[in-house]
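Open the structure in your viewer and keep the selection tool ready. We will go from stop to stop, and at each one you will hear what to select and what is there.

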Amino acid sequence: MEHAEEESRTNKQDDEESIARLEELKRMIEVKMALRQSNLNPNRPDSSFLRTLDSSIKRNTAVIRKLKQISEDQKDALIEDLKSVNLSKFVSEAVSYICEAKLKTSDIQAAVQVCSLLHQRYKDFSPCLIQGLLKVFSPGKTGEELDNSSRAIKRRSTLKLLMELYFVGIVEDATTFINIIKDLTSTEYLKDREATQTNLSLLTSFAKQGRYLLGLPVPEGDVHEEFFKGLNVTADQKKFFKKAFSSYHDAVVELLHSEHHSLRLLELENAKVFNARGELSEDSTASYEKQRKSYDQLLRNVSSLAEALEMDPPVMPDDGPTRVTTVADGSSHGQGKEAPAMEPVWDDEDTRAFYESLPDLRAFVPAVLLGEAEPKTSDPEGKSNERPESPKESDDTRANATSSSTSEHHQNGKAEEKGKEKEERQKEKDREKEKGKVTEKDKTKEKDTDRKGEIEKEKGRGADNASLDALLQRLPSCVSRDLIDQLTVEFCYLNSKATRKRLVRALFGVPRTSLELLPYYSRMVATLATCMRDVPAMLVNMLEEEFNFLINKKDQINIETKIKNIRFIGELCKFKIAPSGLVFTCFKQCLDDFTHHNIDVACNLLETCGRFLYRSPETTVRMANMLDVMMRLKIIKNLDPRHSTLVENAYYLCKPPEKSARVSKVRPPLHQYIKKLIFTDLDKNNAEYILRQLRKMPWADSEQYILKCFLKVHKGKYSHIYLIALLTAGLSRYHDDFAVAVVDEVLEEIRVGLELNEFNMQQMRLAHMRFLGELYNFEQLDSSIVFETLYLILIFGHGTPEQDVLDPPEDCFRIRMVITLLRTCGHYFNRGSSKRKLDRFLLHFQRYILSKGQVPFDIEFEIQDMLAELRPKMTRYTSLDDITTALVELEEKERLAKNAASGVEENGTGHARRATPGESDSCSDRSSIKEEDELLSDGNDEGSDSEDGDDEDEDAGPARSEEDEVAVRKKRAEVDPAEMEDFDRELKAMMQESLESRKQELRVRPATLNMMIPMNLFEGGHRESESGEETLDEEPDKVRVKVLVKKGNKQQTKQMYIPGECSLVQGVKEKEAAEMEEKRDIKKKILEYNEREEDEGSASLPTNWPSLGSGGNSAGSGGSGNIGSGSRSGGQGKPRSFYVAGGYHHGYGRRR
């Protein structure tokens, strides 16, 4: 009821509104008819009346300016102003202002009334007004420069104004519109899309407003008929208008079809590009949007024109999208015939069989179990395409039939019961009781049967559930193609909607760490997809939802779940279960936010199916473009090394670089054997064996290659570098120039690394620093070379224009080089001058560290460890000012000590020692050889015997040539004669006391005491050598000796021959050799003590170390023949002496 009342109320309101509109329309038509009568028969005032009005220019100008802003609100005031002025001399100005007025649709009627007033007063107004309004439709004569949209609005309002003026009788003839319509319906404007759109809107407005001119039916009614009959329109004019509009409609409909066709072609082209590249360029997108907008606007305008002309709207073919799809598919299949021939999708036949050769379930499982009905062979050919009736549908129809029959039976039974009730009312209760008993029995039977059926169903369901649970538990153990295929066939015997859902949930819940199961699970889904299409759909939807959830969460956890999800999608894509569009969408979402876990997800996706998509002909172009986008993102973003490596591996896995096969270098068998010994077989247990093998090599042919292999220590194990130094020391005993060449080349490589400063050379540079330290540990170079190398590392390139390139402010690699060298051999600089040199260098090193600003934590920890090992009590400065002050104080102390030592008198021992530095070298020759023998026999015990000769090596400066040696003489100390006499007197007293004590010892000594053999025991034609080696006499097997005998109080000597094998002779030789060795040791220590004393007084910085205030660029390359020059040019120079463990050796260094 309420709804009916509301509906009647709304209908009543609609009727009232329609009645009100009709009344308003009638009133407007009546006003127009009255206005037309007045305009057709104007009652213009005479000149005498006009003279009574205001004719002043000021007043007329003010009123005329109001004509430019005609509106419905200002209409009455404007009419009153026009009635009070005389515009007979300003008609043309009034017309121009009316033509320039920007009229809205709501202001047209006000303008008509204003024009009617002026027409009724001034005879020249109408011709001037019509001529001025027609100028708007003339091309290029609009009166003012307007843009296209403003011009279209102006022409539309002017056309409406002309039509209304025609209706009110100001425009008396319809011929005025013929020229306008001819111009608007000209086919020349069809080439211009904007002009066509404007003309269509104007023509639509004209057709709606002037239906009578086109011969279209007008609204029925006495008022309308009377109104249109008053218009002066001929039949020929109506025929012209109708023909012009119909022909133009056909032309624009044909244009609309062509626009539709071109738009579809553009869509097809864009579809191809999008399918190939995955995205459209901005130009293509803008062009398509522009053409689409133009087409839609043209379609709306043509439809509006057809509706105004009461014609059928144009119908566009609706097969555009299907054509695009089919053509794109056809083109992709056409391309796919040739692409696999060039590059196969699968790497091998086994992989192709795993992903493409799927078992046919219909051959193993009955069709009923798969949910399919067996096709009927007796059906005719015409019915072969019909869908066979499924068992479920047949059961439903049977159930419906039985239910309908039972309902009819119940209705008939009720009618009979009603009849019987009328006849036998008395027996009704008995029958009802009997029926109640029967129905109760039937109900109990039905309940029992239902219970039995439910129990049987539950038993069946329980058995099926148990089988399904056992099958799902076997899923994780299916790690081969045969096992997963067998499990798939077994599942088909348990097929139902519920079991399929449980299977999908089990497949979706694969453990996140069991990524090896994903290919086999995907194969199972692909096999089931041939018969059970809901399984892949459910699984793909679940995976897509999980991916979107994880990617939108933007957290940095659950990385294993993300990787499992994306790899599962990739495996399904390889089986063509997941569409490639889904894979590209996931990949693009990762690229849009290419950070953190999204990088891992994108790389895992490419590792899974990237190669498949890149080699597939349908997706190769799009995949290549997205790979290029990923590499550009890698270059733009500052990725960490792990992510950068992941991206590069994924990229080159999909798109391997195109290059020729690598040609292995062919080496001679001898070189291969040397390389195997050094880089493969060398370890601490077989170093002695490898040394013997290298000694057996033909040295002239293999020396250069052995040197080359020794210099490539970075290609071997870092922990075996000391073994290379051990081999160098062992070979230097037999080939003196080899050790010199190794040291020289190592120093040259260190300098080259400083000159180039390339990142890919850092591992090699650290290995060379370690090698240099190990060479010092094995006494192949002295400490001066080590310190010069350390200073070279700190100052090389500083003060030059290339300073920022050679040693950037943020580069701390030189600090790591210094740490490597000092931690290798710095523990030997713990006493003497080497200790002072190291302390001085560590101060400069601290200044260098502070100049770098804040160093990384790993470098800082290495500095702390190095100082804890070498100088645990050393002060660590924290500012450049403090360290500069400390260095200035150190230099001042050294300068004062040097000046003080220069005036002190020194003895000749130190003078002779400093004048002939080769003496200490020759003395240490034999001892160093002995130490090397012990070193090579001990294996790893390097550097254990190097401490004895350390100070001697440390004090020896850089090796100089013989021409550069300068002997420095020093003044002898003047001795006081009185002091000399006291010294002689004390010396005689001491000698006398010694003789007396000696006599007392001889008296106390027993008689059996053996006499001491004199020093001149041995005689012969040759004197003893300094080394204690004697020369034999004429008889080679005997030695002539002098025997001391005593006759009475007189001692005499007699000569006699003793066999050389006698124990007496052997014992004397051994004792004398021990005494000579002891003398040499004492002499060596005394000389070392003197040198230390001299160094303590005259210690100074190296000659190539710049002062604190200077910014010099000394490279520290002078003085030592082992320090290579900055130039890489080789060649033979002047032979110079190089210092190694065995003394000075002559060789050729690099030319300066």
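Select Phe 354. In this predicted model, is Phe 354 buried or exposed? Phe 354 counts as buried because its relative accessibility is 13%, and the cut-off for buried is under 20%. Now add Tyr 355, which is buried too, with a relative accessible area of 10%.

Look at the two rings together. A pair of aromatic rings is described by the distance of the centres and the angle of the planes. A search of the whole structure finds 19 aromatic pairs. One of them joins Phe 354 and Tyr 355 edge-to-face, with 5.0 Å from centre to centre and 85° between the planes.

Keep those two selected and widen the view. Which residues form one aromatic cluster with Phe 354 and Tyr 355? Select Trp 346, Tyr 520, Phe 575 and Phe 612 as well, and you have the cluster on screen.

**Next stop: salt bridges**

The whole structure holds 39 salt bridges. Start with Asp 81 and Arg 59, whose side chains meet in a salt bridge at 3.4 Å, N to O. Colour helix α4 (residues 75–83) to find Asp 81, and helix α3 (residues 57–66) to find Arg 59; the pair links distant parts of the chain, 22 residues apart. Asp 81 counts as buried at 13% relative accessibility, while Arg 59 counts as partly exposed at 29%.

Now select Arg 840 and Glu 894. Their closest N and O atoms are 2.8 Å apart, and the two residues form a salt bridge. Arg 840 belongs to helix α37 (residues 832–851) and Glu 894 to helix α39 (residues 880–902), so this pair ties together parts that are 54 residues apart in sequence. Check the surface view here: Arg 840 is buried, with a relative accessible area of 6%, and Glu 894 counts as buried at 14% relative accessibility.

For a salt bridge within one helix, go to α24 (residues 580–592), where you will find both Asp 592 and Lys 588. They are four residues apart, about one turn of the helix. Their side chains meet at 3.6 Å, N to O. Asp 592 counts as exposed at 58% relative accessibility, and Lys 588 counts as partly exposed at 39%.

One more selection before we leave the salt bridges: Arg 264, Glu 267, Arg 292 and Asp 296. These residues are linked in a network of salt bridges.

**Two loops with a backbone surprise**

Most residues other than glycine have a negative phi. With that in mind, select His 596, in the loop between α24 and α25 (597–615). Its phi is near 50°, a positive value in a residue other than glycine. His 596 counts as partly exposed, at 47% relative accessibility.

Then move to Asn 757. Where is Asn 757? Look in the loop between α32 (736–756) and α33 (762–777). Asn 757 has a positive phi of about 55°, although it is not a glycine. At 18% relative accessibility, Asn 757 counts as buried.

**A meeting across the sequence**

Select Arg 814, in helix α36 (residues 813–825). Arg 814 is buried, with a relative accessible area of 2%. Now add Gln 762 and draw a distance line between the C-alpha atoms of the two residues: they are separated by 9.8 Å, although Arg 814 and Gln 762 are 52 residues apart along the chain.

**Last stop: the surface**

Switch on the surface and select Lys 665, Lys 675, Lys 708 and Lys 715. Together they form a positive surface patch. Zoom in on Lys 715, which sits in the loop between α30 (699–711) and α31 (721–732). Lys 715 is exposed because its relative accessible area is 57%, and the cut-off for exposed is over 50%.

Finally, which residues make a nonpolar surface patch of about 500 Å²? Select Met 980, Phe 983, Leu 987, Met 990 and Met 991 to see it. One of them, Met 990, lies in helix α43 (residues 977–1004). Met 990 is partly exposed, with a relative accessible area of 49%.

Key. Residues are numbered from 1 along each chain as its sequence is written. This is a predicted model: local features need pLDDT of at least 70, side-chain atom pairs count only at pLDDT 80 or more; totals for chains, interfaces and linings use all residues. Side-chain values use heavy atoms; hydrogens and water are left out. Patches are made of residues with over 30% relative accessible area and no salt bridge: like charges are joined within 9 Å, nonpolar side chains (Val, Leu, Ile, Met, Phe, Trp, Tyr) within 5 Å. Accessible areas come from the Shrake-Rupley method with a 1.4 Å probe; for residues, only the protein chains shown count as cover. A salt bridge is a side-chain nitrogen of Lys or Arg within 4 Å of a carboxyl oxygen of Asp or Glu. Lys and Arg count as positive and Asp and Glu as negative; His and the chain ends are not counted. The place of a charge is taken as NZ of Lys, CZ of Arg, CG of Asp or CD of Glu. Buried means under 20% relative accessible area, exposed over 50%, partly exposed in between (1.4 Å probe, protein chains only). Rings of Phe, Tyr and Trp (its six-membered ring) pair if their centres lie within 6.5 Å; planes under 30 degrees apart count as stacked, over 60 as edge-to-face and the rest as tilted.
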